[in-house]
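Got a minute to go through this one together? Let's ask how each label is earned, and check it against its cut-off.

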Amino acid sequence: MDGSWVNYAERIGADLHLELSGPGGRRAALIRSLREAVRGGRLAPGTRLPPYRSLAADLGVARNTVADAYAELVAEGWLTARQGSGTRVAERAEPLRHTARVPRKAPPRARGPRHDLRQGTPDASSFPRAAWLASYRRALQQAPNEVFGPGDPAGRVELREALTEYLARARGVRTEPDRIVICSGFAHALRLLFGQAGGGGGGVLRGPLAVEAYGLGFHRELLAAAGVRTVPLPLDEHGARIERLGRERAVLLTPAHQFPTGGPLDPARRAAVVDWARARGGVIVEDDYDGEFRYDRKPVGAVQGLDPERVIFVGSVSKSLSPAVRLGWMVLPERYVDDVLAAKGEREAWASVLDQLSLADFISRGSYDRHVRRMRQRYRSRRDRLAAALAAHAPHVEVTGVAAGLHAVLRLPPGTERSTVKAAT
Ligand SMILES: Cc1ncc(COP(=O)(O)O)c(C=O)c1O
């Protein structure tokens, strides 16, 4: 039938939105609306307009109203009407030019660096495209219809189940699906726990928060913007100095691989921080950002395994797969689950449900393990090449923190920092 939306869309190749409001009746409104669509370039020169009958049915106006409007626009030169080829947008109808704004010049294309040595970035060329696509396809094919409705803020149960099994096996995490809340990564977890920028609360935990004296600046800024006071915890070669924890009620740590100095938290200190949390009624936020990538021995397990009621364990796929996927997880002590869910809101507004189902499939089929194992080998060999190149060309530079993760710490001889930065840029 001519009047159906599908036929209409097929004929002109696209949907056509027309507003029939304003003064002067429907005919005048239709003329104005079509004229604007042509003048503004929404209807390109040569585009065939729908037959009177279809457009009239779509808009709920009389056929003659459309015929009159077309005739008027033909007379004005916006449209052309030819026997057998219908009504089309005139070839000479010029689209609206944006003269008010000075067109922005494309920024000069920066020359890419010869060697991209940015810290912590996973190898973008190794994203497991085929396996991810296969998981996505399966997820899409098998998803029940309710998946396409509003999502549960806890995250899909399929993913929470897959993570429960994976995190227990690979990271020593003790949990169950009901204690996991899916988020879009570590930064999102921090926002849920400590509130949003602008202060005003809304978070689940209160400051002051002890943080490792060196850490990711971005996370510190995020906490500062949320009005959370942070107290630096000094570091030494065994990691954060737990004995220096004071009156804080929460501490943020990177125990598997301190960021950025690169060592694991000493076993005695792992036990000590749990004792501290028990004694103070406090909580440890464990940032397990690259826990899978340990090269010289088995990965260091999560502190969470020592006491699931005292640790909020947070992980994401940002290092293991890609920071573009934006999926992460929070493994929570029972007492925080409801508050975190309340902070997240009534519906899932952060993590695509289809991506969650894809990741669930990706993990359960072993693709995640295979990818991590492959990348571990690749990063280990990269690290060896970096260390060999430095030993050959810059023997005075000490390389540390390379037993794990995606970054290395190079200690420069005193007084050489400026000249090194200059030579590198
Ligand atoms: C110390 C640290 N924690 C966590 C993350 C992961 O952040 P997200 O999950 O928000 O991408 C990163 C990634 O760069 C990091 O460097």
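**How the labels are earned**

Q: What makes helix H7 count as largely enclosed by the rest of the structure?
A: In helix H7 (residues 186-194), 8 of the 9 residues are buried, so the rest of the structure largely encloses it. Buried means under 20% relative accessible area, exposed means over 50%, and partly exposed is what falls in between (1.4 Å probe, protein chains only). Helices (H or I, at least four residues) and strands (E, at least two) are DSSP runs, numbered from the N terminus. The buried ones in H7 are Phe186, Ala187, His188, Ala189, Leu190, Leu192, Leu193 and Phe194. Right after H7 comes glycine 195, with a positive phi near 95°.

Q: What are the ground rules for these values?
A: This is a predicted model, where local features need pLDDT of at least 70, side-chain atom pairs count only at pLDDT 80 or more, and totals for chains, interfaces and linings use all residues. Residues are numbered from 1 along each chain as its sequence is written, and side-chain values use heavy atoms, leaving out hydrogens and water.

Q: How do you know what confidence the predictor has in the chain?
A: From pLDDT, the predictor's confidence in each residue, from 0 to 100. The chain averages 90, and 91% of the residues score at least 70. Over residues 1-8, though, the pLDDT is below 50, and that stretch has 15 contacts in the model beyond near neighbours in sequence. A contact here means heavy atoms within 4.5 Å. Where pLDDT is low, the predicted coordinates should not be read in detail.

Q: Why is the pair aspartate 123 and arginine 378 called a salt bridge?
A: The definition asks for a side-chain nitrogen of Lys or Arg within 4 Å of a carboxyl oxygen of Asp or Glu. These two side chains meet at 4.0 Å, N to O, so the pair is called a salt bridge. The pair links distant parts of the chain, 255 residues apart: aspartate 123 is in the loop between strand E2 (86-89) and helix H5 (129-142), and arginine 378 is in helix H12 (residues 367-393).

Q: What makes aspartate 123 buried but arginine 378 partly exposed?
A: Aspartate 123 has a relative accessible area of 14%, so it goes in as buried. Arginine 378 comes out at 33%, so it is partly exposed.

Q: Which other salt bridge does aspartate 123 form?
A: One with arginine 382, where the closest N and O atoms are 3.9 Å apart. Aspartate 123 lies in the loop between E2 and H5 and arginine 382 in helix H12, so this pair ties together parts 259 residues apart in sequence. Arginine 382 is partly exposed because its relative accessible area is 37%.

Q: How many salt bridges does a search of the whole structure find?
A: The search finds 24. One of them joins arginine 365 and aspartate 361 at 3.1 Å, N to O. Arginine 365 has 44% relative accessibility, so it counts as partly exposed; aspartate 361 has 11%, so it counts as buried. Elsewhere, salt bridges that share partners join Arg179, Glu309, Glu334 and Arg335 into one network.

Q: How do you know which polar contacts the ligand makes?
A: The test is a pair of N or O atoms within 3.5 Å; within protein, one must be able to donate a hydrogen and the other to accept it, and residues adjacent in sequence count only if both atoms are side-chain atoms. A backbone N or O atom of phenylalanine 186 lies 2.7 Å from a ligand oxygen, a polar side-chain atom of aspartate 287 lies 2.6 Å from a ligand nitrogen, and a side-chain N or O atom of lysine 319 is 3.2 Å from a ligand oxygen. Taken alone the ligand exposes 400 Å², and the protein buries 86% of that (areas by the Shrake-Rupley method with a 1.4 Å probe; for residues, only the protein chains shown count as cover).

Q: Why is proline 333 called buried?
A: Its relative accessibility is 0%, so it counts as buried. Proline 333 sits in the loop between strand E11 (328-331) and helix H10 (334-344). Leaving aside neighbours within four places in sequence, proline 333 is in contact with Arg179, Pro308, Glu309, Arg310, Val311 and Ile312.
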